[in-house]
Structures are given as C-alpha cells and as structure tokens.
Amino acid sequence: MSTQPNLNSSNRVRVSIVGASGYTGGEVLRLLLGHPQVEIVQVTSESNAGKHVYSIHPNLRKLTNLQFVSSTTLQPVDVLFLALPHGEAQKRIEHFAALAPYLIDLSADFRLYHLDVYQKHYEEAHLAPTWVEKFVYGLPEINREKLRGAHYASGVGCNATASTLALLPLVKAGLIDPQRPITVDLKVGSSEGGATSSPASHHPERSGVVRTFAAVGHRHEAEVAQSLALNNVYLTVNSIELVRGVMATAQVFAAPGVDDKTLWKAYRAAYGEESFVRIVHDKTGIHRHPEPKWLAGTNFADVGWEVQPETGRIVALCAIDNLGKGAAGSAVQCMNLMLGLPETAGLGFSGLHP
Ligand SMILES: NC(=O)c1ccc[n+]([C@@H]2O[C@H](COP(=O)([O-])OP(=O)(O)OC[C@H]3O[C@@H](n4cnc5c(N)ncnc54)[C@H](OP(=O)(O)O)[C@@H]3O)[C@@H](O)[C@H]2O)c1
C-alpha cells in the first residue's frame with residue numbers, strides 16, 4: 001500500500017469528521033485545527049446541521065467558522081474520521097470508503113480482529129465482516145509499523161488503552177506469572193458516556209458518585225486480551241467524579257524477588273523512545289504516581305508502578321484522558337503514521353497545572 005498522502009496543492013491533507021458534534025468528534029476537530037498539515041473540509045451532525053461548530057463546541061469559537069452539515073452531503077477527501085455511536089460505521093462502511101482512501105473509525109466496530117470474539121462481546125453478528133481484517137487496531141505503541149502506510153485504522157477503547165499501556169512493559173519483559181489472574185480496576189470520568197444524556201448521566205445521579213458500572217464482563221477486556229495476547233486479564237470499571245480521565249490500577253503477580261530496578265528496566269525498555277508515554281515513578285512527593293488531572297486535553301499516557309519483592313505483587317498504573325490518548329489523540333497519531341507525517345504533529349502540547 002502507498003505511504004504517500006494524497007496532498008492537495010496547498011500541501012495540506014483534506015480531512016472531514018463524521019459525528020463531529022459528539023465528544024470524540026469534537027476533540028478530533030480541536031486537535032486537527034491545530035495540526036500544521038491539515039485542512040478541515042466538512043464536519044457532520046444530523047441534529048445540528050446548519051449550526052456553527054462553536055454553538056456546540058464553545059471552546060472552538062474564533063478558531064473555526066465551519067458549520068455542521070448532514071453526512072448525506074459528504075464530499076471526497078483524503079481522510080475521513082468516523083466518530084459515530086457503536087454499530088453505525090459498519091452499516092455504511094462501503095459508502096465511507098468510497099469517499100476517502102484513509103479511514104479512521106473511533107468506534108468499537110473494527111477493533112477486534114476475530115469475528116467470533118466480536119460476536120461474543122457485542123452480542124450481535126458483525127454487519128461488515130469482510131472489512132474487519134482490513135483495519136489495524138489504532139494504538140501506535142503496539143502497532144506502529146502496521147499503521148505506517150495503512151489505509152484503515154480503528155480507534156481504541158479508552159479503558160483498554162489505559163489497561164494495555166499499564167501492562168505492556170510487564171508482558172514484553174515476560175514478568176507476569178501466567179498462572180495468576182491480572183485484574184485492572186478503572187476509575188473513569190463522565191465524558192466516556194458521550195454527549196447524549198441518560199438516567200445514569202443526569203447530574204444529581206452522576207455527580208459525586210463512586211459507582212461500579214461494569215464489575216465483570218466489560219467489553220474492553222477483549223481489546224486488552226487481543227493487544228497483549230493474554231487470556232487472564234479482567235477489568236472492573238467505576239464511574240467517579242471526573243469529566244475527563246481514566247485511571248487504571250492493575251494488580252499483577254510476578255515471580256517473588258522482582259524488584260524496582262527490574263521494573264525500571266522493563267518500563268524504560270517499553271517506553272523510553274515513546275513520545276507520548278511518560279514514566280511517573282518518584283520516591284516521594286504528591287506527584288509520584290500517574291494522575292489523570294494533569295493529562296486532560298493531551299495525548300499523553302502517564303505510567304507508573306509499585307512492587308513488593310517479597311510477594312512478587314506489582315501494582316501497575318496508567319492515567320490518560322479518555323477523549324485524548326483514549327480516543328482522538330491516538331486517532332490523530334494514527335493519521336500521522338498512516339500518511340507518513342511526523343508522528344507528533346498537532347499533538348505536542350501539555351495539560352494544565354494546577
Ligand atoms: N467518549 C469516549 O470517551 C470515547 C472514547 C473512545 C472511543 N469512543 C467511541 O467513539 C464513538 C463516539 O463516541 P462519543 O463519546 O463521541 O459519542 P457522542 O458524544 O454521543 O457523539 C456521537 C456523534 O455521532 C452522531 N450520531 C449519532 N447517531 C448517529 C447516527 N445514527 N448516524 C449518524 N450520526 C450519528 C451524533 O450527532 P448527530 O446525531 O447530530 O449526528 C454525534 O455527533 C463511539 O463509538 C464510542 O464508543 C468514545
């Protein structure tokens with residue numbers, strides 16, 4: 001496959017976003033408005049067609065004068081981002097592929113490589129089974145080489161991303177005892193649920209809660225298992241008082257004797273060259289562990305750990321912004337890789353402190 005982007009005369013990649021009034025679509029738009037090599041052509045919303053983008057995404061006022069259009073009016077472009085609810089992309093994938101040589105779908109429609117796994121976890125048959133194998137799972141930290149020059153990338157699950165990035169160094173270094181289960185507790189913000197309200201997101205019901213909403217059987221378990229080639233990883237997901245953010249706390253057992261030095265080596269080997277994964281592991285101080293608050297709006301994932309050498313118990317940590325590294329940030333990073341652009345283009349900014 002060609003690795004050459006289909007650049008127009010202004011040397012910019014022409015991009016449209018389907019579902020741009022939603023949270024991940026809006027975040028892709030925010031990131032791409034700051035991307036040096038992208039021209040946004042169209043942004044779609046069926047319920048907001050004709051409205052200015054800033055009426056839905058007030059943070060983008062004066063940064064764009066674009067108005068939402070219906071997805072029925074989409075024109076051909078170089079890259080199409082799909083940020084639709086689950087199941088919508090697979091219904092119309094042929095149509096979208098006819099409009100753009102490069103597709104990046106943020107939904108779960110094309111994340112799982114095996115149809116039987118998809119059917120088991122989503123409890124439905126896939127509507128575009130021949131397209132599944134065309135997509136590369138869009139987490140650059142595990143699939144960088146496959147993404148270079150690829151034409152179709154899936155997005156990533158936000159809980160899956162935090163879990164995978166916490167565990168990846170331990171898997172790569174062969175430190176995990178395969179006989180023991182790996183459990184990941186996830187604390188997540190309300191924007192994971194998207195822009196459409198529900199009884200669970202109604203403010204008096206959502207604000208201030210610590211609510212376990214997926215004690216067992218969360219769908220992202222399948223993504224983590226696929227990414228890390230594990231069959232003993234279990235997620236529990238809890239809503240907490242946060243708008244953006246995922247905090248993954250994984251409990252893993254290694255052979256007794258594993259120590260801090262071994263883990264430093266494993267995490268450095270996995271992430272020393274990564275632009276967007278940072279090791280946060282200090283002996284003292286209030287910032288000695290990863291914390292999602294400082295990552296809101298960024299494409300960073302912060303990872304850390306603690307270890308008890310006498311038992312071999314490792315607590316592996318990863319914090320991300322679910323809309324950043326857990327969705328739009330990774331998607332833009334994928335686009336850069338697919339088109340042969342600098343991988344960090346449009347993504348090199350920090351979060352806020354305090
Ligand atoms: N939220 C997260 O943290 C997160 C993280 C990773 C991945 N994801 C995935 O990203 C996708 C989008 O999530 P989101 O949180 O951005 O959802 P969202 O805020 O609800 O946005 C969905 C968008 O799709 C449009 N839409 C809804 N139904 C449609 C339909 N039937 N046909 C065409 N357009 C439709 C909506 O606007 P109109 O109805 O006006 O067109 C809206 O623009 C989901 O598949 C989700 O699983 C979400």
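## Notebook: strands, domains and a ligand

**Entry 1, strand β7.** I began with β7 (residues 182–188), which is mostly covered, since five of its seven residues are buried. The model I am reading is a predicted one. I then looked up the partners of β7. Seven bridges join β7 to β9 (residues 233–239), and these two strands run parallel. As one pair from that set I noted V184, whose bridge partner in β9 is L235. β7 is also joined to β10 (residues 246–253), by six bridges, and here the strands run antiparallel. On that side T183 stands opposite Q251 of β10. I added a reminder for myself: strands of a sheet pair through backbone hydrogen bonds, either parallel or antiparallel.

**Entry 2, the open sheet.** Next I traced an open sheet of six strands. I wrote down its order as β3-β2-β1-β4-β5-β6, and its pairing is parallel. Which strands stand at the edges? They are β3 (68–69) and β6, and each has a single partner strand, so one side of each is left without a neighbour in the sheet. I checked the β3 end in more detail. β2 (residues 38–44) pairs with β3 in the parallel sense, over two bridges. T44 has V69 of β3 as its bridge partner.

**Entry 3, two domains.** I turned to the domain assignment of the chain. Domain 1 takes in 13–156 + 325–339, and domain 2 takes in 158–323. Their C-alpha centres lie 25 Å apart. I looked up the contacts between them and found 23 residues of domain 1 in contact with 26 residues of domain 2. Which helices supply at least two residues each to the side of domain 1 that touches domain 2? I listed α1 (23–33), α5 (115–122), α7 (140–147) and α12 (324–339). The largest share of that side, seven residues, comes from α12. By class, the residues on the side of domain 1 that touches domain 2 are twelve nonpolar, seven polar and four charged.

**Entry 4, the ligand.** I then asked where the ligand lies with respect to domain 1 and domain 2. Both domains give residues to the shell around the ligand, so the ligand lies between them. There are 31 residues around the ligand, and the ones that come nearest are G19, G22, S107, G194 and A195. The elements giving two or more residues to this shell are α1 and α12. The largest share, three residues, comes from α1. I had already met both helices in entry 3, on the side of domain 1 that touches domain 2. I sorted the shell by class and got eleven nonpolar, 17 polar and three charged residues.

**Entry 5, helix α7.** I went back to α7, another helix from the list in entry 3. In α7, I marked P140, E141 and L147 as buried. They cover an arc of only 70° around the axis, which puts them on the same side of α7. What do the buried residues of α7 pack against? I found β6 (152–154), α8 (158–172), β11 (277–279) and α12. β6 is the edge strand from entry 2. After α7 comes G149, and its phi is positive, near 80°.

**Entry 6, backbone angles.** I looked for positive phi values in residues other than glycine and noted two cases. K62 has a phi near 70°. K62 sits in the loop between α2 (53–56) and β3. Is K62 buried or exposed? I counted K62 as exposed because it has 6 other C-beta atoms within 10 Å, where the limit for exposed is 12 or fewer. The second case is A229, with a phi near 50°. A229 is in the loop between α10 (220–228) and β9, and β9 is the strand that runs parallel to β7 in entry 1. A229 has 7 C-beta neighbours inside 10 Å and therefore counts as exposed.

**Entry 7, a cis peptide bond.** Last, I looked up the peptide bond from H353 to P354. This bond is cis, with omega near 5°. P354 is in the segment after α12, the helix that gives seven residues to the side of domain 1 that touches domain 2.

Methods: Residues numbered from 1 in each chain as written. Predicted model: local features only at pLDDT ≥ 70, side-chain atom pairs only at ≥ 80, totals over all residues. Domains from an automatic or database assignment. Contact = placed C-beta atoms within 7 Å. Helix = DSSP H or I, 4+ residues; strand = E, 2+ residues; numbered from the N terminus. Nonpolar A, V, L, I, M, F, W, Y, C, P; charged D, E, K, R; others polar. Near = placed C-beta within 6 Å. Buried ≥ 20, exposed ≤ 12 C-beta atoms within 10 Å, placed from the backbone. Arc of directions from axis to C-beta. Pairing = 2+ DSSP bridges.
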